[in-house]
Amino acid sequence: NIQCENYNTQIKGLNPEDFPIIPHIKEAEKISLENRLFCQGLEQVVGIASPSTTRPEISGVYLIFEKNFVKMVATDSFRLAEKTFYYKAPSNLQHQYKLIIPQKAARELVNIFGGGLGEGLNIYLSPNQICFEQIMPESAPHPHIQFLSRLIEGEYPDYQEIIPKKYETQIIIQKNEFLNQVKTASLFSGKINEIKLKVSPKKKRVIVFSQSPDLGEYQSFFPAKITGKEIEISFNYRFLIDGLLNIKSPEVVFELTGVEGPGMLKPLGDETYFYIVMPIKSS
């Protein structure tokens, strides 16, 4: 019942006994870390996961907790992203934890804890559930925020096998220049979102080409630092854009392993993040 000077409102409620019981995580190990940086790392991978009923294990974000760092991994089988977040101080974990949280839960984590409020984040680990708790100063007028999520059952694919160990061509380019070229070429990319990159180490430039039977064709080029072999390779422009948007550095490294091999995007001078994308195979 809500009353004020000229109004009187009654709101119907529900039986509190019908509300789901909030589970209590028992025998959980705890990690304390900086919530803003953790959520920024999670944001770099969470959009890569893809809902799948046949392979539910890849529909979430894979977290690997170690004593000094946590790895965050997501894939949809066409591309993969990994971010490594290092703790400011070593944790007291007794052993390694590997778990998969649902993509929706990961997005909520970023929304709730990504603002950097509070003094950090406690993470309680258990085999079936995970709990995130915002650490607030004792003088805070409101209580801690707790977020609990069930984990996705199943074993995550051994993604280490697809990480390229060497490359045939390496390109170092300005991120915004590359991003703008890909976005413009996408207007003529056709039904399968294909754009073609022609990499010339001799001329030190990358040609961007796209063609649509309905609209016409597009071609442009931009300078780059290139080492290795000349190559002509096609990608889905959406996948390239997603990878570039998740990179924060002004320059990016793009390593290619061949016409049909995966390409790897990563920030220049930062080994904590990489994004792997499969090319469109020529028919």
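What is the volume of the largest pocket? In this predicted model, the largest pocket has a volume of about 310 Å³. Its lining is made up of 19 residues, and those that lie nearest its centre are Y62, K98, L99, G154 and Y156. Two elements, strand 4 and strand 7, each give two or more residues to this lining. Strand 7 gives the most, with four residues. As for chemical character, the lining of the largest pocket divides into eleven nonpolar, four polar and four charged residues.

Let us move on to the second largest pocket, which holds about 210 Å³ of space. It is lined by 15 residues, and T75, S77, L80, P157 and I162 are the closest to its centre. Here the lining divides into nine nonpolar, two polar and four charged residues.

One of the residues just named deserves a visit of its own. T75 is found in strand 5, which spans residues 69-75. Is T75 buried or exposed? T75 has a relative accessible area of 8%, and the cut-off for buried is under 20%, so T75 counts as buried. Leaving aside neighbours within four places in sequence, T75 is in contact with I48, A49, S50, I58, L80 and Y156. Two of these partners are familiar from the pockets: L80 is among the residues closest to the centre of the second largest pocket, and Y156 is among those nearest the centre of the largest pocket. The side chain of T75 also has a polar atom that lies 3.1 Å from the backbone nitrogen of S77. If you would like a sense of distance across the model, try T75 and I11: they are 64 residues apart in sequence, and their C-alpha atoms are 45 Å apart in space.

Helix 2, residues 103-113, is a good next stop. Its buried residues are Q103, A105, A106, L109, V110 and F113. They lie on the same side of helix 2, because they cover an arc of only 165° around the axis. Turn to the other side of helix 2 and you will find K104 and N111 exposed. What covers the buried residues of helix 2? The cover includes helix 1 (35-46), together with strand 4 (60-65), strand 7 (97-102), strand 8 (120-125), strand 9 (129-135) and strand 10 (146-150). Strand 4 and strand 7 thus come up again, having already appeared in the lining of the largest pocket.

Two loop residues round off the tour. P90 sits in the loop between strand 6 (79-86) and strand 7. With 59% relative accessibility, P90 counts as exposed. Beyond its neighbours within four places in sequence, P90 is in contact with K67 and N68. P90 and L33 are 57 residues apart along the chain, and 9.9 Å separates their C-alpha atoms.

S189 also has its place in a loop, the one between helix 3 (175-185) and strand 12 (194-200). In this case the residue counts as buried, at 6% relative accessibility. A polar atom of the S189 side chain lies 2.9 Å from the backbone oxygen of S186. Once neighbours within four places in sequence are set aside, the contacts of S189 are E194, I195, S210, Q211 and Y237.

Definitions and conventions:
Residues numbered from 1 in each chain as written. Predicted model: local features only at pLDDT ≥ 70, side-chain atom pairs only at ≥ 80, totals over all residues. Heavy atoms only, no water. Buried < 20%, exposed > 50% of the residue type's maximum accessible area, 1.4 Å probe, protein only. Arc of directions from axis to C-beta. Contact = heavy atoms within 4.5 Å. Polar contact = N/O pair within 3.5 Å; in protein donor to acceptor, adjacent residues only side chain to side chain. 1 Å grid on protein atoms, 1.4 Å probe; cavity = no way out; pocket = protein on both sides within 12 Å on 5 of 7 lines; lining within 4 Å. Points joined across faces, edges and corners; volume = space filled by probe spheres on them. Nonpolar A, V, L, I, M, F, W, Y, C, P; charged D, E, K, R; others polar.
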